[in-house]
Structure formats: structure tokens, C-alpha cells
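Please open the two chains in your viewer and keep a selection tool at hand. The tour below moves from one selection to the next and says what is there.

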Amino acid sequence: MSNRVINLLVPIISIIIGLIVGALVMLVSGYDPVEGYSALWTGIFGDSYTIGNTIRQITPYILAGLAVAFAFRTGLFNIGVEGQLIIGWLAAAWVGYAIELPKVIHIPLALIAAAAAGAFWAFIAGFLKAKFKVHEVIVTIMLNYTALYIANAIIRNLTDGGFKTERIHESASLRSDFLRDITDNSSLHYGIIIALLMVALMWFILEKTTRGYELKAVGFNQNAADYAGMSVNKNIILAMTISGMFAGLGGAMEALGTFQNASIKAGFTGIGFDGIAVALLGANTPLGVIFGASLFGSLKYGSLNMPNAAGIPEEIVSIIIALIIFFVASGYIIRVGLQKLSKKKEGQ
Amino acid sequence: MSFLEMLYFIIPSAILYATPLIFTAIGGVFSERSGVVNIGLEGLMIVGAFVGIYVNLEYGAQFGAATVWIAMLAAVVIGAIFSLFHAVAAISFRADQTVSGVAINLLGLAVSVFLVKMIYGKGQTDMISHPINRFAIPYLKDIPFFGPLLFRDVYSTSILAFAVVIAAWFIIYKTPFGLRLRAVGEHPMAADTMGVNVNKMRYIAVMISGALGGLGGAAYAQTITHDFSHATIAGQGFMAIAAMIFGKWHPVGALGAALFFGLAQTLSIAGSQIPYVQEIPAVYLQILPYVLTILALAGFIGKASAPKASGQPYIKGKR
């Protein structure tokens with residue numbers, strides 16, 4: 001079996017094992033897996049309303065996945081997508097309600113604000129990594145909680161102790177009557193187009209620009225990149241900043257599309273951490289991210305139908321997602337298994 | 001409130017909030033000292049909190065006052081077993097340790113909430129009827145100043161936490177096991193050459209971190225929240241990681257950092273009732289542990305550096 005086939009097989013096998021183990025968990029817990037999975041299926045593809053909302057759910061997942069994947073390509077682990085997303089969310093919501101502008105300026109401005117806010121939050125980690133050799137994983141974890149508490153405090157300050165900001169102006173909203181009409185009043189919005197554009201942007205940066213070549217080179221081998229005259233530090237900071245930009249835009253999707261405001265959060269949204277799963281499953285490639293985000297976004301939204309339709313707690317899907325992450329991360333053992341299998345076949 | 005009364009209120013409360021952090025951070029010290037990064041402490045605490053509350057609710061009537069100890073023992077055992085997911089993935093299957101830790105966090109939360117909904121039919125358990133109560137230590141509580149400060153409102157878990165710190169320090173620095181543990185985390189190949197079973201040591205260390213993480217979660221739930229829901233453990237595991245780093249991967253350092261973070265948590269929660277502190281917006285106290293950790297790592301507050309081999313799987317024969 002060629003390497004390429006194995007690389008494709010690892011995520012697919014992981015998904016299949018994840019779903020099988022999920023079914024076993026349901027069976028052991030006294031639930032009916034067939035009923036569970038069919039409830040999941042209708043929760044995703046049931047009618048135009050659920051399809052609309054599924055696509056809406058996929059949107060921030062694509063951006064969170066891009067953020068993690070982009071950093072990974074430069075050899076960085078951005079586990080702080082969650083925090084960057086929260087900061088971006090707040091920035092977009094603030095620009096959305098605090099200023100009034102024509103739509104053609106307002107939406108781009110709110111998007112840029114979110115991207116800049118997320119980029120800044122990630123820049124901190126990149127800067128500390130480049131200047132002080134601090135491991136970005138720990139810094140971004142710490143920045144996640146810092147972001148959560150700061151965003152909550154700012155929302156409280158902006159609203160005199162309220163729980164959510166004002167609703168954003170119509171001119172900053174990504175929602176449209178057209179999308180709502182064709183999807184039976186779902187909250188589908190134009191964010192999906194922005195997300196897909198960003199996928200193209202990531203592909204363009206990595207594959208078609210000198211800078212992208214340098215970023216990847218640093219990811220492959222820092223010493224070699226340094227020897228070739230590339231500035232490792234500059235590329236680390238840049239990679240984190242771009243990664244944070246994607247994450248911030250993910251927050252903008254929630255602010256300008258789904259929720260139309262920013263509210264106080266008791267805990268994380270989970271999108272940032274699921275972004276790690278998305279990137280991992282998509283092998284950190286732009287196209288792979290679309291695939292991973294579609295899978296996990298669909299599962300996540302479809303799971304909401306499970307308690308009603310089948311009486312199964314929706315957390316079963318989070319269990320499945322966590323298991324898939326385990327299996328993809330343990331790809332080494334799946335590879336070994338596959339190689340043994342193909343050797344056996346050759347022997348016959 | 002006079003200054004003394006304020007101290008008598010803040011210090012016991014800080015120790016209370018620090019206790020779960022101490023357990024979990026010590027667990028982290030074991031794991032990282034052996035070379036396995038454990039981002040999954042949060043998930044292990046969640047599992048421990050759930051198991052603790054579940055056992056307390058189900059067997060409270062049967063065991064009465066001893067329930068809390070049985071609940072914590074159960075949390076220790078289940079925590080150790082649950083951490084095997086991380087151990088198998090990170091050590092045997094050579095998975096990226098950060099990724100596998102993230103998966104542990106997702107899995108711990110998902111499994112716990114799933115089970116709560118399955119068993120109780122709702123997202124939150126009832127309040128336990130046998131929480132861990134504070135007590136006063138006879139004689140010691142009558143010492144002027146230190147009595148009311150340290151011995152009047154004591155939780156048994158806090159005493160256990162201090163014992164765990166001393167035990168951890170002794171094990172890591174004064175026993176052959178501890179020497180091997182540190183060797184495996186600093187230079188696994190050298191340790192292997194000397195006949196130390198690297199993977200076995202790492203398995204043991206990760207399971208200790210699982211046990212202590214579970215204990216931390218159970219202690220938190222049974223002393224502070226008294227029930228379990230998805231938001232019971234909200235960042236304490238990550239704060240324990242912060243305490244471990246801020247304490248420079250040393251048990252006593254982790255203890256100091258955990259106490260300090262406990263103080264910050266207390267002030268952010270109860271600060272509005274305390275003169276002077278109420279002037280400080282709570283957000284500064286909430287982010288303090290995390291910001292300090294970043295500063296410590298950046299070298300502004302003494303350089304903190306991780307064990308050399310932490311984060312890398314050990315592959316025999318690879319240079």
C-alpha cells in the first residue's frame with residue numbers, strides 16, 4: 001500500500017472505529033444505536049431547516065480548523081483558538097452594534113476587527129515563543145482563560161452589568177432573507193462563503209507564495225530553514241498571527257451570523273478545541289479542513305436531535321469525536337496494522 | 001470587618017480552594033517529570049468530580065460519614081484507569097501528547113455528562129447529603145493568631161493535600177523510584193541503557209497523575225460545589241497545570257503556587273465583601289494565575305523550564 005493511500009485510510013478508519021465504539025457505548029448504556037444514528041442523520045439532513053443550520057455550524061468549524069492547521073504547518077500547536085475566537089467574537093459584535101455604516105463597509109470592517117483581535121491574541125503567543133522560547137501550547141492555554149474572563153468583564157462593562165451586548169445593526173449582519181427563506185427559517189448566513197474564501201486563502205499562502213514556502217520550511221526543520229537564511233522567529237510570529245486571524249474570523253461568524261451579539265460565557269464554546277480535531281482529521285490541508293469541519297460540524301449539530309428523537313444524551317457525539325481524535329492521533333498504530341495487513345496479502 | 005477577621009476569613013478559604021489544585025498539580029508533576037505532558041488534567045478532574053459525587057449520592061445512606069473517603073478512593077481508582085487512555089495513546093501508540101491530552105479533556109467531560117444524563121435523567125445531579133465538612137483541631141485552634149488562621153476551619157482534604165506534597169517530594173527526590181522517574185523524563189535513552197524500563201515508568205507516572213487528578217476533582221466537588229454538572233470543573237485542571245509550571249515542576253513549588261492561586265480564586269469570588277479588595281475588579285484576580293504563569297515562563301519571574309524529554313515519545317534504538 002502506498003503512503004498516500006495509508007494517509008487517506010488512517011482518518012477514515014478512525015472515523016469508522018469511532019462510530020462503532022459510539023454504537024457500542026449506546027448499546028451498553030441501554031440505548032438503541034440504530035435509533036440513535038438515525039436520529040443523528042435526521043438531525044443533520046432531515047429537512048432544509050436542519051441542513052441550513054448544519055451548514056451554519058460547519059462555518060466556524062472550518063475557520064477554527066484552518067487556524068489550528070495553519071499553525072501546525074509551521075510546526076506550532078495553537079491550542080488557543082478558543083480564546084482567539086472569543087476575542088474576535090467580542091470585537092465583531094462591538095463593531096457591529098457600536099457604529100452605524102453602510103453595509104458594504106460595515107461587514108468588512110467588523111470582519112477585519114475580529115480578524116485583528118484574534119490575530120493580536122495569537123501574536124502574544126507567537127512573540128513570546130520567538131523572543132523567549134516559551135512553549136506556545138502552555139501560553140495559548142493560559143490565554144484561553146484570560147480571554148474568557150476579559151471578554152466577560154468587557155461585556156459587563158459595556159452593558160452596565162448585563163449578560164449580552166446589544167444586537168448588531170442590520171448593516172453588519174451576515175444573515176439574509178434569501179438564505180432564511182430557502183432553508184425554512186434556519187439561521188444559515190453568508191459566513192460559509194467567507195469561510196470557504198479563507199480556505200482558498202490558506203491554500204494560496206501556503207502553496208503559491210514565497211512566504212508560505214518559508215512558513216512550511218520552518219515547520220519541517222527549523223535549523224535547515226535558519227541555515228537557508230530564513231528568519232525562524234519572524235515566521236513563527238507571522239504563522240501564529242495568521243492562525244489567530246482565522247480564529248478571530250470564526251468568532252465573527254458567531255457574532256455577525258449566528259447569535260447577532262456577544263454574551264457572557266460560563267465556559268468555553270468548544271469550537272476552538274474541536275478545531276484541533278478538524279485540523280487533525282484533515283491532515284492540516286485546506287481541503288482536509290473542509291472535510292473535517294463538515295464531519296464534526298454535522299455531528300455536533302445533528303446530535304442536538306438525539307435527546308428528542310431517540311432519548312439519547314447528545315454528549316454521545318462528543319464521546320465519538322474524542323475517540324476519533326484518539327485514533328487519528330494514534331495513527332502510528334493504525335499504520336503499523338495496515339502495513340502488516342498489506343504484507344500478509346503480498347505473502348499469499 | 002477588621003483586618004484580623006478578614007484574614008481569618010480569607011486564609012482558610014484560600015486553602016480550601018487551593019486543595020484540589022494541589023492534588024492535581026502534584027499529579028501533573030509526576031507525569032511531566034517522567035516526560036509525558038498531561039494537558040488532560042482538566043478532564044481527569046471532571047471524571048473524579050463525577051465519580052465522587054456519584055458514589056456520595058448512591059452510597060451516602062449506607063456509609064454515612066465515611067462516604068466521602070470511599071467516594072474519593074473511587075475517584076482515585078477511576079481517575080487512574082481513565083488516564084490509561086492518555087498513557088496508551090501517548091506512550092505506546094506514540095500519539096502527540098498534547099492532542100491526546102485534549103482528547104482526554106473532551107472525553108472526560110462528555111462521558112461524565114453523558115452518564116449523569118443517563119443515570120439521573122437531567123444535566124445536573126442533586127446536592128450530596130454528606131459533603132466534606134470543616135472542623136476545628138482541638139488545642140491547636142486555641143493558639144493565638146495561628147489558631148483561628150489555620151486550625152479553626154480545617155478540611156480533612158487539605159491535610160491530606162499537604163501530606164501528598166510531602167510524600168511526593170520524598171518519592172521524587174529521596175527514593176530510587178523517584179530518581180528513575182526523573183531520569184526517564186530528562187534523558188530516557190540514558191535511563192534505558194542503565195536498565196530502567198522507560199515505558200513502564202511513564203505508565204506508572206501517568207496513572208499517578210490520573211489518580212491525583214481524580215482525587216482533586218472529587219475533593220473540589222465534595223467541598224465546594226456539592227453537586228456535579230458540566231460546569232463543576234471550569235478551568236481548575238488548567239489552573240493546576242499553571243501551578244505546576246509556576247512551581248517549576250517541583251512538589252513544594254507547586255504547593256506554593258497552588259496556595260497562591262487559591263488565594264486569587266478566593267479573592268475573585270468573595271472579594272466584593274472584603275474592604276480594599278472590592279476596589280479591584282474581579283477580572284484581574286481571575287486572570288492573575290494565568291498571566292503570572294505566562295510571565296514565569298517568559299522568564300520575568302525566575303526561569304521555568306520543563307523536563308528535557310517531556311512531550312517526546314521514547315522509541316527504542318532511535319538516536
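Helices, as the word is used on this tour, are DSSP runs of H or I with at least four residues, numbered from the N terminus. Please keep in mind throughout that this is a predicted model.

**Stop 1: helix H9 of chain A and the charges around it**

Select A:Arg211 and A:Glu214, whose side chains meet in a salt bridge with an N to O distance of 3.2 Å. Because these two residues are 3 apart in helix H9 (residues 210-220) of chain A, about one helical turn separates them. With a relative accessibility of 32%, A:Arg211 counts as partly exposed.

Now add A:Lys216 and A:Glu207, which form a salt bridge whose closest N and O atoms are 3.3 Å apart. Are the two partners buried or exposed, or something in between? A:Lys216 is buried, since its relative accessible area of 15% falls under the 20% limit, whereas A:Glu207, at 38% relative accessibility, counts as partly exposed.

**Stop 2: a salt bridge in chain B, and a network in chain A**

Over all chains, the structure holds 10 salt bridges. For one in chain B, select B:Lys141 and B:Asp142, whose side chains meet at 3.7 Å, N to O. B:Asp142 is exposed, with a relative accessible area of 54%, while B:Lys141 is partly exposed, with 33%. Returning to chain A, add A:Arg73 to the pair A:Glu207 and A:Lys216, and you will have three residues that salt bridges with shared partners join into one network.

**Stop 3: aromatic rings**

How many aromatic pairs does a search of the whole structure find? Over all chains there are 21. One to look at is the pair of A:Trp41 and A:Phe45, which is tilted, with 4.7 Å from centre to centre and 50° between the planes. The two residues are 4 apart in helix H2 (residues 33-45) of chain A, and therefore about one helical turn separates them. A:Trp41 counts as exposed at 55% relative accessibility, whereas A:Phe45, with a relative accessible area of 42%, is partly exposed.

Next, select A:Tyr145, A:Tyr149, A:Phe268 and A:Phe273 together with B:Phe238 and B:Tyr290, since ring pairs link these residues of chains A and B into a cluster. Before leaving the rings, select A:Trp89 and A:Lys265, where the charged end of the lysine sits over the tryptophan ring, 4.1 Å from its centre.

**Stop 4: helix H10 of chain B and what follows it**

B:Phe238, a member of the ring cluster, is also one of the buried residues of H10(B). Selecting the whole helix shows an element that is mostly covered, with 11 of its 11 residues buried; among them are B:Gln236, B:Gly237, B:Met244 and B:Phe246.

Just after H10(B), select B:Lys248, which takes a positive phi of about 55°, a value found here in a residue other than glycine. B:Lys248 is found in the loop between helix H10 (236-246) and helix H11 (251-270) of chain B, and it counts as partly exposed at 38% relative accessibility.

Which other residue of chain B is worth selecting for its positive phi? B:Tyr139 has a phi near 65° and is likewise not a glycine. This tyrosine is found in the loop between helix H4 (97-120) and helix H5 (146-151) of chain B, and at 74% relative accessibility it counts as exposed.

**Stop 5: the annotated spans of chain A**

For "transmembrane region", the unreviewed UniProt entry lists several spans of chain A, including residues 7-31, 105-128 and 271-296. Select residues 105-128 of chain A, whose end C-alpha atoms lie 34 Å apart in a span that is 100% helix and 0% strand. Then select residues 271-296 of chain A, where the end C-alpha atoms lie 10 Å apart and the span is 85% helix and 0% strand.

**Stop 6: a nonpolar patch**

Finally, select A:Ile12, A:Ile16, A:Ile20, A:Leu24, A:Leu27 and A:Val28, which form a nonpolar patch on the surface with about 590 Å² of accessible area together. A:Ile20 is found in helix H1 (residues 3-28) of chain A, and its relative accessible area of 48% makes it partly exposed.

Technical notes. Residues are numbered from 1 along each chain as its sequence is written. Chains are lettered from A and ligands numbered from 1 in the order in which they are written. This is a predicted model: local features need pLDDT of at least 70, side-chain atom pairs count only at pLDDT 80 or more; totals for chains, interfaces and linings use all residues. Side-chain values use heavy atoms; hydrogens and water are left out. Buried means under 20% relative accessible area, exposed over 50%, partly exposed in between (1.4 Å probe, protein chains only). UniProt positions are given in the numbering used here, feature names are shortened, and annotations may be inferred rather than shown by experiment. Patches are made of residues with over 30% relative accessible area and no salt bridge: like charges are joined within 9 Å, nonpolar side chains (Val, Leu, Ile, Met, Phe, Trp, Tyr) within 5 Å. Accessible areas come from the Shrake-Rupley method with a 1.4 Å probe; for residues, only the protein chains shown count as cover. A salt bridge is a side-chain nitrogen of Lys or Arg within 4 Å of a carboxyl oxygen of Asp or Glu. Rings of Phe, Tyr and Trp (its six-membered ring) pair if their centres lie within 6.5 Å; planes under 30 degrees apart count as stacked, over 60 as edge-to-face and the rest as tilted. A charge sits over a ring if NZ of Lys or CZ of Arg is within 6 Å of the ring centre and within 35 degrees of the ring normal.
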